[in-house]
Structure formats: structure tokens, C-alpha cells
Amino acid sequence: MLQYKVFNYTFKNLKEKNMTFEQVFDHILHFIRRDPSGNFKLMIGTDSQVHKNHTTFITGIVIQNEGKGAWACLRKVRITEKMTNLHQKISYETSLSEDVFLMFTQERKDAMYEIVLPHVDHGASFTIEGHIDIGGGKRNKTSMFINEMVARIESLGAEPKIKPEAFVASSYANRYTK
């Protein structure tokens with residue numbers, strides 16, 4: 001497999017551009033602090049699109065308070081070749097998600113948990129999910145990679161989600177790959 005270097009470590013959304021991961025993390029903490037008794041999901045997923053002379057990868061980070069809104073941002077990576085091998089492309093998508101998961105160090109995860117923990121007795125919750133842009137249907141070309149990619153996300157301590165539940169990869173990130 002070819003080795004690629006990711007040069008774009010900045011994140012953006014509709015309101016802000018060129019955010020560092022520290023700024024992203026601050027937004028996430030602020031979002032959780034607004035209603036610490038909520039049911040939070042931190043979701044990370046990557047999708048890609050092959051273009052004429054390159055492949056675009058988008059990794060989305062979404063913090064959702066179920067039923068009460070979300071905050072999201074993305075990171076764009078462009079590879080200067082057409083990545084047509086499906087396993088290579090799915091594996092690289094998962095690698096980019098893993099890169100972002102690793103930015104959430106144990107110290108950062110603990111900071112998020114500590115905001116929600118005092119409210120758990122009142123129904124608050126916090127989960128971390130990895131959204132993988134693969135499907136399990138018999139006709140789905142990516143179904144043969146499910147076990148491998150799910151194991152990679154589980155090894156990070158996240159709950160893996162595949163289509164149709166993997167909306168951060170298959171909807172949010174997908175929208176920006178075009």
C-alpha cells in the first residue's frame with residue numbers, strides 16, 4: 001500500500017475556517033457544558049470521492065446532544081491520485097478517522113466525561129462512535145471489509161457504526177467530498 005502524508009490538520013465548518021484541533025475540542029467542551037445532563041454522542045467518520053486527477057477525503061467530527069442539536073466540523077484531505085482500489089480507499093478512510101480519534105487523548109476524553117458524570121444519575125450519557133462508510137448488504141461491495149474496519153474502530157475504544165447508522169461518514173462527510 002502506498003504511504004500518504006496528511007498535510008491539512010485544520011478543521012472547518014460553515015461558520016469557521018482553519019480551526020486547530022484545540023479550537024475544535026474547545027467547541028465540543030462548550031457544547032457539552034451548555035446542557036451537561038444531555039445524551040451526548042461524539043461521532044467521527046470519513047468518506048471519500050474519486051475525481052479525475054485526485055481523491056478527496058473528508059473526516060467529520062460531530063458532537064450531538066440527542067434531540068437537542070449538534071455541533072460539527074470537518075477536515076479535508078486531498079490525495080493527488082485516483083484511488084480506485086476499494087480496499088485501499090476504505091482502509092485509508094478508516095486511517096484518517098483513526099488519526100482524529102487519536103487526537104482525543106485519554107485526558108481529553110476524561111475532560112468530556114467529567115462534565116457529564118455528575119448528571120448520569122439524572123439520565124445523562126456520553127458515548128463515542130466511529131462511523132465507517134461501509135454497508136452489510138449482500139450487494140454492497142464493501143461488506144467484505146466490515147470485520148477488519150469494525151475491529152480497527154473497536155481497538156480505539158469507540159463503538160463502530162456501519163450504514164445505515166454511519167451517517168457522519170455516509171451523509172455529513174459525503175456532502176463535502178464532491
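This report describes the nonpolar cores and the cavity of a predicted model.

## Basis

Residues are numbered from 1 along each chain as its sequence is written. In this predicted model, local features need pLDDT of at least 70 and side-chain atom pairs count only at pLDDT 80 or more, while totals for chains, interfaces and linings use all residues, and side-chain values use heavy atoms, with hydrogens and water left out.

## Nonpolar cores

The largest nonpolar core (buried Ala, Val, Leu, Ile, Met, Phe, Trp, Tyr and Cys residues joined through side-chain atoms within 4.5 Å; buried means under 20% relative accessible area with a 1.4 Å probe, protein chains only) has 35 residues, and Ile28, Ile61 and Phe104 have the most contacts inside it. At least two of its residues come from each of several elements, including helix H1 (21–34), strand E2 (55–65) and helix H3 (106–116), and H1 gives the largest share, 7 residues. Helices (H or I, at least four residues) and strands (E, at least two) are DSSP runs, numbered from the N terminus.

Apart from this core lies another, of 7 residues, among them Met43, Val168, Tyr172 and Ala173.

## Around Ile61

Beyond its neighbours within four places in sequence, Ile61 is in contact (heavy atoms within 4.5 Å) with residues including Phe11, Ile28, Met43, Trp71 and Phe104.

## The cavity lining

Among the residues that line the largest cavity are Thr46, Glu93, His131 and Asp133; lining residues have an atom within 4 Å of a point, on a 1 Å grid over the protein atoms alone, where a 1.4 Å probe fits but cannot get out. H2 and E4 each supply at least two residues of this lining.

Terms used:
Buried means under 20% relative accessible area, exposed over 50%, partly exposed in between (1.4 Å probe, protein chains only). On a 1 Å grid over the protein atoms alone, a cavity is a set of points where a 1.4 Å probe fits but cannot get out, and a pocket is an open set with protein on both sides within 12 Å along at least five of seven lines; lining residues have an atom within 4 Å of a point.
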